[in-house]
Amino acid sequence: MNTATIVANKIPVVHTVRPDVNREFLQISVPNGWDDVEKLTNRVLNFDGRDFIFSGWNSDHNEAYFYRLIRGETKTATIR
C-alpha cells in the first residue's frame, strides 16, 4: 500500500508576476469564503523564500490574493 503524509502549514498557490505594476501575486482558494479569508488577513505567506502580504479577496470566485514588490522591499516584521 502506498502512503502519503500531510504537510503542515503548506497550501497550494498560483503564482503570477506582473512587472507592469511591479508586483508578484499569490492566489489561493478560500472555499469557505470570509471564514477562511479572515484567518489569513494578518498573515505573511512565504513562497520560494519571498514574503507576500495580504492584498484582498474575490468573494465571487472565493480566492484570496497576496503580493510582494518585485523591485523594492515588501515590509514585514517577525513577532517574538
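Here is a walk through the chain, from its overall build to a few of its residues.

The model you are looking at is predicted. Begin with the overall fold: the chain has one helix and five strands. Following the sequence from its start, you meet these elements in the pattern β-β-α-β-β-β. The C-alpha trace spans about 50 × 30 × 30 Å along its principal axes. Of the 80 residues in the chain, 25% are buried. The exposed area comes to about 6,300 Å², and carbon and sulfur atoms supply 48% of that area. If you like to think in contacts, take those between residues at least 6 apart in sequence: 40% of them join residues at least 24 apart.

Next, let us see how the strands are put together. A good place to start is strand β5, which covers residues 63-69. Six of the seven residues in β5 are buried, so this strand is mostly covered, with buried meaning under 20% relative accessible area. Which strands pair with β5? Strand β2, residues 23-29, pairs with β5 in the antiparallel sense over seven bridges. Strand β4, residues 50-58, also pairs with β5 in the antiparallel sense, over five bridges. To find these pairings on your screen, look for Glu 24, whose bridge partner in β5 is Arg 68, and for Gly 56, which stands opposite Tyr 65 in β5.

The pairing continues from β4 to strand β3, residues 44-47. Four bridges join β3 to β4, and the two run antiparallel. Here Val 44 has Ile 53 in β4 as its bridge partner. Two hairpins appear along this stretch. β3 and β4 form a hairpin with two residues between them, and Asp 48 in the turn has a positive phi of about 50 degrees. β4 and β5 form a hairpin with four residues between them, where Asn 62 in the turn has a positive phi of about 50 degrees.

Now stay with β5 and pick out Ala 64, which lies in this strand. Is Ala 64 buried or exposed? Ala 64 counts as buried because its relative accessible area is 0%, and the cut-off for buried is under 20%. Leaving aside residues up to four places away in sequence, Ala 64 touches Leu 26, Gln 27, Ile 28, Val 30, Phe 54, Gly 56 and Trp 57. For a sense of distance, compare Ala 64 with Ala 4: the two are 60 residues apart in sequence, and their C-alpha atoms are 27 Å apart in space.

Let us turn to charge. The chain has 10 positive and 10 negative side chains, and the centres of the two sets lie 8 Å apart. Side chains of opposite charge can pair when their charged atoms come close. How many salt bridges does a search of the whole structure find? The search finds four.

Two of these bring us back to Glu 24. Glu 24 forms a salt bridge with Arg 50, with 2.9 Å between the closest N and O atoms. This pair links distant parts of the chain, since Glu 24 is in strand β2 and Arg 50 is in strand β4, 26 residues apart. Their surroundings can be read from accessibility: Glu 24 counts as buried because its relative accessibility is 7%, whereas Arg 50, at 24%, counts as partly exposed.

Arg 68 also forms a salt bridge with Glu 24, and here the closest N and O atoms are 2.6 Å apart. This pair, too, links distant parts of the chain: Arg 68 in strand β5 and Glu 24 in strand β2 are 44 residues apart. Both Arg 68 and Glu 24 are buried. Salt bridges that share partners join Glu 24, Arg 50 and Arg 68 into one network. Recall that Glu 24 and Arg 68 are also bridge partners in the strand pairing.

Another salt bridge has a contrasting setting. Lys 75 forms a salt bridge with Glu 73, with the closest N and O atoms 3.7 Å apart, and both Lys 75 and Glu 73 are exposed.

One last stop is Asn 22, in the loop between β1 (14-18) and β2. Asn 22 is buried because its relative accessible area is 17%, and buried means under 20%. Not counting residues up to four places away in sequence, Asn 22 touches Arg 68, Leu 69, Ile 70 and Arg 71. Arg 68, which you met in the salt-bridge network, is thus also one of the residues touched by Asn 22.

Key
Residues numbered from 1 in each chain as written. Predicted model: local features only at pLDDT ≥ 70, side-chain atom pairs only at ≥ 80, totals over all residues. Heavy atoms only, no water. Buried < 20%, exposed > 50% of the residue type's maximum accessible area, 1.4 Å probe, protein only. Contact = heavy atoms within 4.5 Å. Areas by Shrake-Rupley, 256 points an atom, 1.4 Å probe, with all protein chains shown as cover. Lys, Arg positive; Asp, Glu negative; His and termini not counted. Charge placed at Lys NZ, Arg CZ, Asp CG, Glu CD. Pairing = 2+ DSSP bridges. Salt bridge = Lys/Arg side-chain N within 4 Å of Asp/Glu carboxyl O.
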